[in-house]
Amino acid sequence: MYTALSGAVVATVLLTGCDPICTNGVSKPGQGQVTRNAAGTCVQLVVTRPDAGEDGGADGGDGGDGGELPDAGDGGGEPVPDGGACGAGPGWTTRVLDEESDNISGSFVFDAQGVGHYAYSKKELLYVGTTRPGDVPVQVQGVTRPFEMSMAVAADGTRHLMFEQGTAVGYAHDTGGVWQAQLLVTGWSSALALDARGEPHLLIGLLPPQVGYVLGTRDAQGNWTMTPLAGVGPRGDRERMVVDAAGHIHIALVRSNSLDNQVVYVSNASGTWTEEPLDFWLLMSSPRYRVTLEVDATGRPSLVGSNSQGAWLWTKEASGWKSYGLGAYMSRGPALVRNAGSANVRHVLLDDADVNAFENGSTSQVVVRRIQGTSASSATPPLVLETRDGGNAFPGPSALHVDDQGRFQAGFFYVHYEKDLDGVARPTTRGLRYAQYCP
């Protein structure tokens, strides 16, 4: 029995005529400004710009990423001309998108054109933004206290977003340029992925005493069906999901207990739901270590995560799962992408802070490593993560894009931990950052 929630649809504002400001996709902050959605459609939206200088509200954990520790953000850097050519020489350029998010359980993705899209909670409201210069985050009306967000962008530019609100799972989209949101069922927001037709699939964890997951899909009339994942064990967390070209579902998740965090792979590629626990355990840490999942054109899955020996690429081969070392890196916010022009080349975003960095305050940096087949090769120079005031920060959920000129774009949430001399945690800032590396 899955409980459907009434009063589901959240109204937004109406599509209106286009203002000339839409010609370059830039909209000034303020109410009722005209802007473009990801598809390039000119739309009128009630735009609320989160006030960068105001307090971020009550401090709390980020959904398991910090235990009793709060989280915080990173800042500074030079402006980044998103989508522009590299002209200032090699190296990293970066900018903070916001540094007062409520948690680091938001979502960051890049579309096929290399534009970044992000969703996050600020002052207990849901905002969605892009990395286009001049764009400001848009509030999705009617959603409060969003958590565990997961977003994807379809080929036509439509953005699909899943979020958690209390014990309910919600879904929102901006089809036609207007954001609409609804609460679907009770449960935990776990992962969202699009199939080859651009249709959303929602992985939803069941509330106790129920065990496991359901998969949400919708028909042509927009009605949702929740199908149990028969044969899959208890719900985990930090889920990632991919729908391959044949329509098969691939899921990576982490099952935690008081001692360890085991990585588990789940799929229906064989015709039935099966799960495969890997001989791979993530460390306990704050923020949490994560995994990232990638599936090639043949439906073969790979994932990246880290343990005390560093980061590892795990690939499912004919003889089973095999692991390949990626070096002395960590996976607080990993991202793995395959090159469009060379199927044998991938790039992975990793960080290099030591295992106990959240306690000893050591420096945190991110790098992008090239993977040729299953062998790690070159890496970018490191990008040091800092808050706007220079505090040390650690990455959270992230995304990576590589274009055909070899330019890397990365977007990620981050957190900074700060304690008084007596060891008591103080309120901290959480944020999200966009960065570009030119070779």
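Visitor: Why does Arg-255 count as buried?
Guide: Its relative accessibility is 16%. Buried means under 20% relative accessible area, exposed means over 50%, and partly exposed is what falls in between (1.4 Å probe, protein chains only). Since 16% is under the 20% limit, Arg-255 counts as buried. Quick housekeeping: this is a predicted model, where local features need pLDDT of at least 70 and side-chain atom pairs count only at pLDDT 80 or more, while totals for chains, interfaces and linings use all residues. Residues are numbered from 1 along each chain as its sequence is written, and side-chain values use heavy atoms, with hydrogens and water left out.

Visitor: And what makes Glu-275 partly exposed?
Guide: Its relative accessible area is 24%. That sits between the two limits, so Glu-275 is called partly exposed.

Visitor: How do you know that Glu-275 and Arg-255 form a salt bridge?
Guide: The label takes a side-chain nitrogen of Lys or Arg within 4 Å of a carboxyl oxygen of Asp or Glu. Here the N to O distance is 2.9 Å, so the pair qualifies. Glu-275 lies in strand E19 (residues 274-282) and Arg-255 in strand E17 (residues 249-256), so parts 20 residues apart in sequence get tied together. A strand here is a DSSP run of E with at least two residues, numbered from the N terminus.

Visitor: What makes Glu-148, Asp-237, Arg-238 and Arg-288 one network?
Guide: They are joined by salt bridges that share partners. In total, the structure holds 17 salt bridges.

Visitor: Why is the Asp-135 and Arg-132 pair called a salt bridge?
Guide: Their side chains meet at 3.7 Å, N to O, so they pass the distance test. Asp-135 has a relative accessible area of 15%, so it is buried. Arg-132, at 12%, is buried too.

Visitor: What about Asp-98 and Lys-122, buried or exposed?
Guide: Both are buried. Their side chains meet in a salt bridge at 3.2 Å, N to O. Asp-98 is in strand E3 and Lys-122 in strand E5 (residues 116-122), 24 residues apart.

Visitor: Why are E3 and E29 said to stand at the edges of their sheet?
Guide: The open sheet has four strands in the order E3-E31-E30-E29, with antiparallel pairing. Two strands pair if DSSP finds at least two bridges between them. Strand E3 (91-98) and strand E29 (394-402) each have a single partner strand, so one side of each is left without a neighbour in the sheet.

Visitor: How do you know that E30 and E31 pair?
Guide: Eight bridges join E30 (residues 408-415) to E31 (residues 430-438), so the pairing rule is met. One partnership is Gln-409 with Gln-436 in E31.

Visitor: What makes a set of residues a nonpolar core?
Guide: They must be buried Ala, Val, Leu, Ile, Met, Phe, Trp, Tyr or Cys residues, joined through side-chain atoms within 4.5 Å. The largest one here has 18 residues, and Leu-349, Leu-383, Leu-400 and Phe-412 have the most contacts inside it. E30 gives the largest share of this core, four residues. Apart from this core lies another, of 17 residues, including Ile-104 and Tyr-118.

Visitor: Which residues is Leu-400 in contact with?
Guide: Contact means heavy atoms within 4.5 Å. Leaving aside neighbours within four places in sequence, the partners of Leu-400 include Phe-110, Val-337, Leu-349 and Phe-408.
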